[in-house]
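Please open the model in a viewer and keep the sequence panel visible beside it. The tour below proceeds by selection, one stop at a time.

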Amino acid sequence: MRLIFAGTPQVAVPSLRALLDSDHEVVAVVTRPDAKVGRGRRLEPSPVRVAAEEAGVEVLTPSSPRDPDFVAALEELAPDCCPVVAYGALLPEEVLDIPRHGWVNLHFSLLPAWRGAAPAQRALMAGDEITGASTFRIETGLDTGPVFGTMTERIRPDDTSGTLLDRLADAGAPLLVATMDGIASGDLEPQEQPAEGVSHAAKITVDDARVDLGHPALAVDRLIRGCTPTPGAWTTFRGERLKLAPVTITDEQLPAGTIEARKREVLVGTADRAVRLGEVTPLGKKAMAAADWARGVRIEPGERLGEETA
């Protein structure tokens with residue numbers, strides 16, 4: 001089939017490369033426009049754009065999928081199907097109708113669970129033991145279309161959203177290729193999603209990533225892992241933000257938020273068990289071991305994490 005692939009972040013790159021290596025023809029790639037990054041706010045292309053250009057594939061970067069020039073370009077390219085992985089923009093009906101086999105999304109959850117922008121993150125934060133990926137035909141509803149196929153992946157105790165998404169991206173790429181193969185042969189028909197088991201995975205905001213040490217240690221651990229590496233879990237210390245990398249739950253107890261700095265470790269109380277801090281990132285500084293941070297700031301007895309920012 002003639003394919004136009006749509007995707008933007010690094011997790012979409014394994015699928016693009018798998019499709020390029022398949023029997024299908026990737027005639028173009030659609031990705032989000034170059035974005036400003038870093039303190040210098042320099043423009044950088046998306047990982048998908050970089051991979052596509054390295055492969056010599058035409059790249060389209062519309063500011064909006066509704067752009068008439070973009071719609072005209074799609075019509076001229078006449079794709080049979082458009083596979084999608086984390087493109088990052090809603091597709092209007094006029095665009096969805098262009099390929100004769102529609103747009104097929106690789107979504108990182110077992111639909112209908114965790115429809116939305118942050119499925120892996122929300123699965124971690126909810127304490128799910130199993131997740132996976134699904135391919136489905138895109139409709140105007142949010143991740144509601146009929147499902148072609150799924151694969152499962154166990155969530156490991158030390159997973160972050162970053163490590164989990166990396167595994168799902170690699171394991172999901174063959175599923176997307178197999179879905180394209182099945183559509184091309186006519187052997188694969190999508191099945192409607194069940195009405196039961198629907199959950200939603202809203203984008204993780206910076207406010208969502210704030211750690212409440214008044215919650216139990218298990219909830220604190222899950223929130224931090226779900227927000228690592230982005231947007232980054234955080235709390236406050238002496239009125240300034242302090243980012244937290246994944247923690248370790250201990251059997252010790254401290255009052256919620258209370259810091260106990262020892263020679264080689266730093267413990268912080270939660271609603272039940274204390275957690276051992278991993279790396280921390282003070283405002284404007286690089287990540288460092290919690291024990292090094294504690295020596296530098298000279299933790300006073302009774303000091304707490306989680307007070308309001310200045």
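The stops that follow concern a helix and its two helix partners, then a strand pair, and finally an open sheet. The model is predicted.

**Stop 1: helix α5**

Select residues 119-126, which form helix α5. Is this helix largely enclosed or not? Six of the eight residues of α5 are buried, so the helix is largely enclosed by the rest of the structure. The buried residues are P119, A120, Q121, R122, A123 and L124. Now display the surroundings of α5: its buried residues pack against the strands β7 (103-107), β8 (115-116), β9 (130-137) and β11 (200-201), and also against α6 and α7. Before moving on, select G127, just after α5, where phi is positive at about 80°.

**Stop 2: α5 with α7**

Keep α5 selected and add helix α7, residues 217-226. The axes of the two helices lie 7 Å apart, and the packing angle is about 165°. How are the two helices directed relative to each other? Angles over 145 degrees count as roughly antiparallel, and α5 and α7 are therefore roughly antiparallel to each other. Their crossing is right-handed. To view the contact, show the side chains of Q121, L124, M125 and A126 in α5, together with R222, L223, R225 and G226 in α7. Sorted by class, this contact of α5 with α7 comprises four nonpolar, two polar and two charged residues.

**Stop 3: α5 with α6**

Replace α7 by helix α6, residues 161-185. Here the axes of α5 and α6 come within 9 Å and cross at roughly 125°. That angle makes α5 oblique to α6. The crossing of α5 and α6 is right-handed. Which residues meet at this contact? From α5, select A120, Q121 and L124; from α6, select S161, L164, L165 and L168. The contact of α5 with α6 has five nonpolar residues, two polar residues and no charged ones. Q121 and L124 may be kept highlighted, as they appear in the contact with α7 and in the contact with α6.

**Stop 4: strands β1 and β2**

Select strand β1, residues 2-7. Five of its six residues are buried, so β1 is largely enclosed by the rest of the structure. Add strand β2, residues 25-30, which pairs with β1 in the parallel sense over five bridges. Within this pair, I4 has A28 of β2 as its bridge partner. Leave I4 marked for the last stop.

**Stop 5: the four-stranded sheet**

Select the strands β12, β13, β18 and β19, which form an open sheet in the order β12-β13-β18-β19 with antiparallel pairing. Which strands stand at the edges? They are β12 (234-237) and β19 (288-289); each has a single partner strand, so one side of each is left without a neighbour in the sheet. Focus on β18, residues 279-282, which pairs with β19 over two bridges in the antiparallel sense. In this pair, V280 stands opposite M288 in β19.

Finally, select P282, found in strand β18. P282 is buried, with a relative accessible area of 13%. Not counting residues up to four places away in sequence, P282 touches R241, L242, M288 and W293. A distance drawn from the C-alpha of P282 to that of I4 spans 43 Å in space, and these residues are 278 residues apart in sequence.

Note on methods. Residues numbered from 1 in each chain as written. Predicted model: local features only at pLDDT ≥ 70, side-chain atom pairs only at ≥ 80, totals over all residues. Heavy atoms only, no water. Axes fitted to C-alpha atoms, helices over the stretch in contact; angles between N-to-C directions. Parallel < 35°, antiparallel > 145°, perpendicular 65-115°, else oblique. Left-handed = near helix turned anticlockwise from the far one by under 90°. Contact = heavy atoms within 4.5 Å. Nonpolar A, V, L, I, M, F, W, Y, C, P; charged D, E, K, R; others polar. Pairing = 2+ DSSP bridges. Buried < 20%, exposed > 50% of the residue type's maximum accessible area, 1.4 Å probe, protein only.
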